[in-house]
Each structure stands twice: as structure tokens, then as C-alpha cells.
Amino acid sequence: MIKLYSTKKTERILAEYADWIETVSERYAIPSAMIKAVLRKEIADIDLLDPVADSLVRFYWLRRRLFGGGATKRRGILGKRDSSTGCAQIFAYVAINAAGYALDCGLDDAAGLGLPEDRRPDRMNEDDLRAMWYRLKRDRKFNIQMGTLNLISAADEMNGHTDFARYTPDEFQRAFTRYNANTDRITAYGKEVYGYYLKYKEEKQ
């Protein structure tokens with residue numbers, strides 16, 4: 001499949017958002033090299049099918065707005081209401097779950113996560129899912145922020161802690177793997193992203 005971003009373009013995007021990546025890194029106490037490594041992989045892997053998926057999601061929500069809730073009962077590709085989107089290639093439902101994790105751990109509050117003040121993530125409805133997806137699609141900084149929280153949640157789930165200074169190579173690779181897939185086995189994705197992590201870590205030193 002044809003990729004939409006060259007390595008050079010991917011690195012330009014990372015450079016453009018370098019200050020924001022550092023801000024998110026400090027806010028959530030996660031090495032910026034970990035964030036950059038995941039973004040490097042996700043952006044570079046965006047291909048022609050990704051904007052198609054995003055278009056189907058936009059069509060779904062437009063149809064729902066025009067025709068009401070009945071549109072949500074349809075099946076097939078025209079019933080696609082969520083897709084991995086943006087620099088972090090994150091689904092809205094994944095971002096909502098990551099937000100719930102951040103609230104539970106005290107990493108952020110509802111306002112900082114773009115959540116309705118009157119609802120926790122596990123009580124959010126379909127309109128909230130729509131709002132989250134559109135913000136992830138349109139706001140690159142927010143997309144990176146939620147991708148970071150998902151990475152922290154994945155790291156905690158796989159390794160039982162987020163003291164990244166004590167992480168072993170296997171722990172890093174398990175965290176990166178979990179960002180991409182629900183498996184306990186370290187995958188080629190996890191190994192590749194770990195390589196990017198080492199590169200960006202060395203550059204910062």
C-alpha cells in the first residue's frame with residue numbers, strides 16, 4: 001500500500017510538534033523519546049486506506065445527524081463510526097479509555113482531557129464518541145496528548161508500573177507492542193518502535 005508520508009516528512013512533523021511533545025512528556029512524566037518513537041512509526045505507516053476510513057466515519061456521523069439514530073443500526077462499511085486517526089493513529093474509543101485511566105490515576109482532569117464535566121468515560125454516549133473522534137482528527141496536539149496517555153496506560157497494563165527510568169528493554173518493547181495490539185508477545189512493531197526510542201533518546205543526550 002502507498003504510504004502518504006515519507007521519512008523526511010514524518011521527521012518534519014515531529015520537529016514541528018517537538019515543543020508540544022516535551023510539554024506532554026513533562027506533564028505526564030514519560031520520556032519524550034517514547035512519545036516520538038510511537039509517533040514516528042504511526043505517522044510513517046499512514047497509507048491510502050486511512051483517509052478512506054476517516055471519510056467513512058465522517059459520512060456515518062453526517063448521516064446520523066441528518067437522519068437521526070436510525071442510521072446507527074446499519075451494518076457494513078457505511079456503518080463505520082470510529083477509526084484510528086491523526087498522528088497517533090488513535091481510535092476515539094481508545095482515547096476515551098485512556099482518558100478514564102488518566103482520571104483514575106490523577107494524571108489529568110476532565111477539562112484537560114476534553115471530557116464533559118458531568119460524565120466519566122464509562123458513561124459517555126455516542127455523541128461523546130463523535131466529539132472525541134472529531135477533535136482527534138482536527139487537533140494534532142490533542143491527538144498527540146491522547147496517544148501519549150494511551151501509551152502510558154499500555155505500559156502500566158503490560159509491566160505493572162510506569163517508572164520508565166527502571167524499564168528494561170523487554171518492558172519498553174511490551175509497552176510499545178501493546179500500543180498497537182492486544183497481545184502479551186513482543187511483536188515486530190514493538191521491536192521497531194524500541195529502535196526509534198533508542199535513536200531519539202541518544203539524540204536528546
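This briefing walks through one helix and a set of salt bridges in the structure above. The model is a predicted one, so please read each value below as computed from that prediction. Helix 9 covers residues 169-180, and the salt-bridge count comes to 15.

**Helix 9: length and burial**

- Helix 9 has 12 residues, and at 1.5 Å a residue these should span 16 Å. Its end C-alpha atoms lie 17 Å apart, which agrees with that expectation.
- Seen along the helix, the buried residues are Glu-171, Phe-172, Gln-173, Ala-175, Phe-176, Thr-177 and Tyr-179.
- A handy reminder when viewing a helix: with 3.6 residues a turn, residues three or four places apart in an α-helix point the same way.
- Which helices help to cover the buried residues of helix 9? The cover includes helix 3 (32-44), helix 8 (140-159) and helix 10 (188-204).

**Lys-3 and Asp-45**

- Lys-3 and Asp-45 form a salt bridge, with 3.5 Å between the closest N and O atoms.
- This pair ties together distant parts of the chain, 42 residues apart: Lys-3 sits in the segment before helix 1 (7-16), while Asp-45 belongs to the loop between helix 3 and helix 4 (49-67).
- Both ends can be placed by accessibility: Lys-3 counts as partly exposed because its relative accessibility is 42%, and Asp-45 counts as partly exposed at 28%.

**Glu-126 and Arg-81**

- Another salt bridge joins the side chains of Glu-126 and Arg-81, at 2.6 Å from N to O.
- Here too the pair links distant parts of the chain, 45 residues apart, with Glu-126 in helix 7 (residues 126-138) and Arg-81 in the loop between helix 4 and helix 5 (92-105).
- Is Glu-126 buried or exposed? Glu-126 is buried, because its relative accessible area is 18% and the cut-off for buried is under 20%.
- Its partner Arg-81 has 37% relative accessibility and therefore counts as partly exposed.

**Asp-139, Arg-135 and a shared network**

- Asp-139 pairs with Arg-135 in a salt bridge whose closest N and O atoms are 3.8 Å apart.
- Asp-139 is partly exposed, with a relative accessible area of 27%, and Arg-135 is partly exposed at 33% relative accessibility.
- Elsewhere, salt bridges with shared partners join Lys-3, Lys-41, Asp-45 and Glu-192 into one network. Two of these residues, Lys-3 and Asp-45, will be familiar from the salt bridge described above.

Terms used. Residues are numbered from 1 along each chain as its sequence is written. This is a predicted model: local features need pLDDT of at least 70, side-chain atom pairs count only at pLDDT 80 or more; totals for chains, interfaces and linings use all residues. Side-chain values use heavy atoms; hydrogens and water are left out. Helices (H or I, at least four residues) and strands (E, at least two) are DSSP runs, numbered from the N terminus. The expected span of a helix is 1.5 Å times one less than its number of residues. Buried means under 20% relative accessible area, exposed over 50%, partly exposed in between (1.4 Å probe, protein chains only). Contact means heavy atoms within 4.5 Å. A salt bridge is a side-chain nitrogen of Lys or Arg within 4 Å of a carboxyl oxygen of Asp or Glu.
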